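Trainee: Hi! Could we go through this structure together?
Mentor: Happy to. Let me bring it up first.
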Amino acid sequence: MLQTLYDYFWWERLWLPVNLTWADLEDRDGRVYAKASDLYITLPLALLFLIVRYFFELDPGVLATQVPAYRVSPAEGSIVFPRAQHPGPFCQWLFVLTLHPARSLVNTGSFVSYEQPKEASVGIARKLRPRIKSYVATPLAALLNVKEKTRLRAPPNPTLEHFYLTGGKHPKQAEVELLSRQSGLSGRQVERWFRRRRNQDRPSLLKKFREASWRFTFYLIAFIAGMAVIVDKPWFYDMKKVWEGYPIQSTIPSQYWYYMIELSFYWSLLFSIASDVKRKDFKEQIIHHVATIILISFSWFANYIRAGTLIMALHDSSDYLLESAKMFNYAGWKNTCNNIFIVFAIVFIITRLVILPFWILHCTVVYPLELYPAFFGYYFFNSMMGVLQMLHIFWAYLILRMAHKFITGKQVEDERSDREETESSEGEEAPGGGGAKSRALANGHPILNNNHRKND
């Protein structure tokens, strides 16, 4: 049965024009053609992206807090930690993989020991501390003077915490009264506890900045690389040449790596979406990532590569502008943020609502029918392009709303942002809150919040 499904899935009539088979796309005479098996490499590359991103965004302060005081036990050949200061999971991984392959992790009494030969333990102790250092995003945040807002933490309360995790984050009035009786707190104190607890779960400004800086770095490099791949190709200037000789079009190494890196990055975004900053358009993000992965994959093994490179470069052209605007917003560079956002909005509207539908989609919908009858792959590809175009219209609507507020002088913020709740009315703002002016703003920054994403 599985073989039958496999054969049906790869039936030539689904993915190739009439009278063509997969045998026509076998490598020959030094010409290399795209194959579905080429895409297997994108999954390990996606994992590599996640690892690189981790160290790119790594907050050295977080790592330092996970490395407790330790002592080297030469007699036992171990690095010994008091159990109360047992290192976190990342440090365990750091010991075992990065520094030296530990023989075993031993729990004895009130101590946790990483057993090693005597000389290895001493070597680990010498190498561990110097490795705790700044990387990219956090030093950049410090350079741009990104200031974190001090948040009041909800005091430990098992009753309220249990309801928060199981019953909901926004209790109704009747539930507040019941919790008040159960916890011995007043209704006002219960409401205050939930406000503080919700704020604890919201991503910090530094986390948002690190995420934006990672995406900015990739999008900028990807756009430059994509333009280098296609700018000297004839189909960049004449859309009809996209289909010249289709589907017997060989690939070159630059196209191969452009595809593999872009697809790997989108896989990594899909894998990390649960831990990234949550937005109100969370469902749209998932639809976008899935549609993009399907489009890139299909365009590769169906040999829509020329059209695919044009589409990917077009989408990368505005995303680095958005991420840079968010970075400057978090740094409090209001004018720089506003100016970059205006440029981003213009580029986004031109590329996503003009060039894409009237040039690219016209190229993929009209020109192929001049060469061969429509087939399933033709309808499938253009249907997925239609899904992306609808998402572009949705995001363009949000962008235009923000631009309208900006032009009319109103406070501008991301339409999808999850605004932080304050307690200014109760006089309970944490020290360093910035006074009345900053309390009226979400995280102290009135322009944009890091709830934008790669809009495509």
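Trainee: Thanks! How much of the chain counts as buried?
Mentor: Of its 456 residues, 48% count as buried. Keep in mind that this is a predicted model.

Trainee: Noted. What does the secondary structure come to?
Mentor: The chain has 17 helices and four strands.

Trainee: And how do the contacts spread along the sequence? What share comes from residues 24 or more positions apart?
Mentor: Counting contacts with a separation of 6 or more, 79% are between residues 24 or more positions apart.

Trainee: What about the surface, how much is accessible?
Mentor: About 22200 Å², and carbon and sulfur atoms account for 63% of that.

Trainee: Let's go inside, then. How many residues does the largest nonpolar core have?
Mentor: That core has 82 residues, and Trp243, Tyr304, Ile360 and Met385 have the most contacts inside it. Helix H14 gives the most to this core, with 14 residues. Apart from it there is another core, of nine residues, including Tyr164 and Trp193.

Trainee: Any general background on that?
Mentor: Nonpolar side chains tend to be buried together in soluble globular proteins.

Trainee: Back to Trp243. What is it in contact with, leaving aside neighbours within four places in sequence?
Mentor: Its contacts are Gln249, Tyr304, Cys363, Thr364, Tyr367, Pro368, Leu371 and Tyr372. Tyr304 also appears among the residues with the most contacts inside the largest core.

Trainee: You mentioned H14. Which polar contact does the side chain of Asp319 make?
Mentor: Asp319 lies in H14, which covers residues 305-330. Its side chain makes a polar contact with the side chain of Arg352, at 3.3 Å.

Trainee: Is Asp319 buried or exposed?
Mentor: Asp319 counts as buried, because its relative accessibility is 0% and the cut-off for buried is under 20%.

Trainee: And Lys326, where does that lie?
Mentor: Lys326 is in H14 as well. Lys326 counts as buried because its relative accessibility is 0%. Its side chain is joined to that of Glu323 by a polar contact of 3.0 Å.

Trainee: Switching helices: how far apart are the end C-alpha atoms of H3?
Mentor: They are 22 Å apart. H3 runs over residues 42-57, and at 1.5 Å a residue its 16 residues should span 22 Å, so the two values agree.

Trainee: Nice check. Which residues of H3 are buried?
Mentor: Thr42, Leu45, Ala46, Phe49, Arg53, Phe56 and Glu57. Seen down the axis of H3, the buried residues fall within an arc of 105 degrees, so they line one face of the helix.

Trainee: What do they pack against?
Mentor: The buried residues of H3 pack against three helices: H7 (137-143), H11 (205-230) and H12 (253-272).

Trainee: Now the backbone. Which peptide bond is cis?
Mentor: The one from Tyr246 to Pro247, with omega near 0 degrees. Pro247 sits in the loop between H11 and H12.

Trainee: What is phi for Asn145?
Mentor: It is near 65 degrees, a positive value in a residue other than glycine. Asn145 is in the loop between H7 and H8, and Asn145 counts as partly exposed because its relative accessibility is 43%.

Trainee: And Asn303, is that one buried or exposed?
Mentor: Asn303 counts as buried, at 2% relative accessibility. Asn303 has a positive phi too, about 65 degrees, and lies in the loop between H13 and H14.

Note on methods:
Residues numbered from 1 in each chain as written. Predicted model: local features only at pLDDT ≥ 70, side-chain atom pairs only at ≥ 80, totals over all residues. Heavy atoms only, no water. Helix = DSSP H or I, 4+ residues; strand = E, 2+ residues; numbered from the N terminus. Buried < 20%, exposed > 50% of the residue type's maximum accessible area, 1.4 Å probe, protein only. Contact = heavy atoms within 4.5 Å. Areas by Shrake-Rupley, 256 points an atom, 1.4 Å probe, with all protein chains shown as cover. Polar contact = N/O pair within 3.5 Å; in protein donor to acceptor, adjacent residues only side chain to side chain. Expected span 1.5 Å × (residues − 1). Arc of directions from axis to C-beta. Core = buried A, V, L, I, M, F, W, Y, C linked by side-chain atoms within 4.5 Å.
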